[in-house]
Amino acid sequence: MMMTALKQAQLRISWLDRTVITAIVLLSSVFPVELFSNTPPAPKGLDGQYSGKQGQVLAVKVQGEEQATEVKGTFLSRTIPFFREFRPGEPAGYIGLLGIDMQDDPGTYELAVEVKQGEQAKQLSFNILVAKEKFTVEHLKLPKEKVDLDEKAVARWKAEQEEVKQALEENSRLKLWHSNFVEPVNGKRTGIFGSVRIMNGKPRNPHNGEDIGAPLGADVAATNDGIVRITVDHIFSGKGVFVDHGLGFYSMYFHLSEILVKDGDLVTAGQIIGKVGATGRATGPHLHWGVKLNGARVNPYSLLDLPFKNGVTPPTTATIPAPETAPGPQAVPIKE
Ligand SMILES: [Zn+2]
């Protein structure tokens with residue numbers, strides 16, 4: 001009798017357990033936030049963490065924070081503003097674009113995210129695995145005067161760096177860009193983003209953008225909506241345009257033969273902002289396309305790989321070897 005009653009009790013409990021578990025699973029899929037209000041959303045990405053190579057951009061998502069007034073991340077001392085993102089068929093949430101600088105050391109780092117809801121703040125933590133990228137090594141031979149600058153040229157270069165730094169300090173706190181990223185020029189990708197450069201036998205700073213070989217005078221388009229923060233004619237970059245897309249995201253277009261926009265102009269994705277040239281330190285016509293994301297120098301093409309594209313065909317991930325004539329060595333001692 002006792003055994004039977006106990007067995008029945010065990011059976012009842014296990015039935016009850018199953019029912020409760022099933023109910024929780026069902027409820028949690030309907031009300032993921034309400035049911036577990038004190039549980040932070042699980043990090044998304046491979047094995048509960050994000051991973052990316054040096055120079056890559058990661059889209060980090062914080063789900064179900066409908067009431068947040070501000071969502072902000074910190075990664076390797078860089079601030080990552082998150083923005084609201086709606087996508088059909090997906091839970092609402094916030095997205096942060098995390099740029100891994102081309103020289104961030106490989107390893108695992110924390111992305112600490114603060115979710116503010118009025119007076120309250122909640123902390124979330126994500127693991128970001130930074131993997132090593134295999135950058136190429138370029139040996140370049142240039143006229144001595146283009147590499148070893150005299151005093152006057154060094155002074156000019158320093159002043160120009162300062163000018164750019166000041167112009168970019170004024171970054172837009174609004175997200176100006178939209179989902180459509182555009183490749184700025186139809187040309188040959190050289191795949192030399194991040195390449196280690198040996199100039200006339202001496203190691204120099206790595207190449208902080210991607211060079212695209214294209215004919216002189218070819219149209220150069222803005223990769224996305226933004227505001228022209230500064231146009232320049234500098235010793236290394238030549239004629240260049242810096243576009244502020246908001247939330248710490250900048251794109252740069254160098255060595256232009258012609259600039260078609262002015263400081264402060266609003267531009268839209270695909271708008272022609274200049275023409276391909278070989279101004280500044282360049283050995284032939286090409287576009288140097290650079291992107292800076294909250295201070296990280298990232299591969300501009302990784303923008304096109306983000307899940308934001310809308311009608312834009314992502315380029316092949318294979319890189320094309322540098323053409324003999326095109327990729328101009330420039331911006332070398334510049335650590336932007
Ligand atoms: Zn370049």
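Residues 13-43 keep a pLDDT under 50 throughout. For this stretch the model has 16 contacts beyond four places in sequence. The model is a predicted one, and confidence varies along the chain. Residues 311-336 also stay under 50 in pLDDT. Here the model has 78 contacts beyond four places in sequence. Over the chain, pLDDT averages 79. A score of at least 70 is reached by 77% of the residues.

Now take the chain as a whole. It has 336 residues, and 44% of them are buried. Its secondary structure consists of five helices and 21 strands. Consider the contacts in the chain with a separation of 6 or more: 72% of them link residues 24 or more positions apart. The accessible surface comes to about 17300 Å². Carbon and sulfur atoms hold 56% of that surface.

Many of the details below concern strands. Strands of a sheet pair through backbone hydrogen bonds, in either a parallel or an antiparallel way.

Start with β1, residues 50-53. One face of this strand is covered and carries Y50 and G52. The other face is uncovered and carries S51 and K53. The partner of β1 is β7, residues 120-131. The two strands run parallel and share four bridges. One residue pair can be named: K53 of β1 has A131 of β7 as its bridge partner.

Next comes a sheet of three strands. It is open, with the order β8-β10-β11, and its pairing is mixed. The edge strands are β8 (137-140) and β11 (202-204). Each has a single partner strand, so one side of each lacks a neighbour in the sheet. Neighbouring strands here are turned by 30° against each other on average, with direction ignored. β8 and β10 run parallel, joined by four bridges, with β10 covering residues 196-199. Within this pair, H139 stands opposite I198 of β10.

Follow the chain out of β8. The loop between β8 and α3 (144-147) holds K141. Is K141 buried or exposed? K141 is exposed, because its relative accessible area is 80%, and the cut-off for exposed is over 50%. K141 also has a distant residue in sequence beside it in the fold: N200. The two are 59 residues apart in sequence, yet their C-alpha atoms are 5.0 Å apart in space.

A second open sheet of three strands has the order β13-β19-β17. Its pairing is antiparallel. At its edges stand β13 (219-221) and β17 (258-259). Both have a single partner strand, so each has one side without a neighbour in the sheet. Three bridges connect β13 with β19, residues 272-275, and these strands run antiparallel. A221 has I272 in β19 as its bridge partner.

Now turn to β14, residues 226-234. Seven of its nine residues are buried, so the strand is largely enclosed by the rest of the structure. Two partners of β14 can be described. One is β18, residues 266-267, which runs antiparallel to β14 and is joined to it by two bridges. In that pair, G226 has V267 of β18 as its bridge partner. The other is β15, which also pairs with β14 in the antiparallel sense, over seven bridges. V232 stands opposite G240 of β15. A hairpin of three residues leads from β14 to β15.

That brings us to the interior. The largest nonpolar core has 34 residues. Which of them touch the most other members? They are L97, V241, Y253, I273, L287 and F308. Several elements give two or more residues to this core: β5 (93-99), β15 (238-246), β16 (249-256), β20 (286-293), β21 (296-298) and α5 (301-304). The largest share comes from β20, with four residues. A second core is separate and has 19 residues. Among them are Y50, L58, Y94 and F126. Y50 was met earlier, on the covered face of β1.

Technical notes: Residues numbered from 1 in each chain as written. Predicted model: local features only at pLDDT ≥ 70, side-chain atom pairs only at ≥ 80, totals over all residues. Heavy atoms only, no water. Buried < 20%, exposed > 50% of the residue type's maximum accessible area, 1.4 Å probe, protein only. Contact = heavy atoms within 4.5 Å. Areas by Shrake-Rupley, 256 points an atom, 1.4 Å probe, with all protein chains shown as cover. Pairing = 2+ DSSP bridges. Axes fitted to C-alpha atoms, helices over the stretch in contact; angles between N-to-C directions. pLDDT = per-residue confidence, 0-100. Core = buried A, V, L, I, M, F, W, Y, C linked by side-chain atoms within 4.5 Å.
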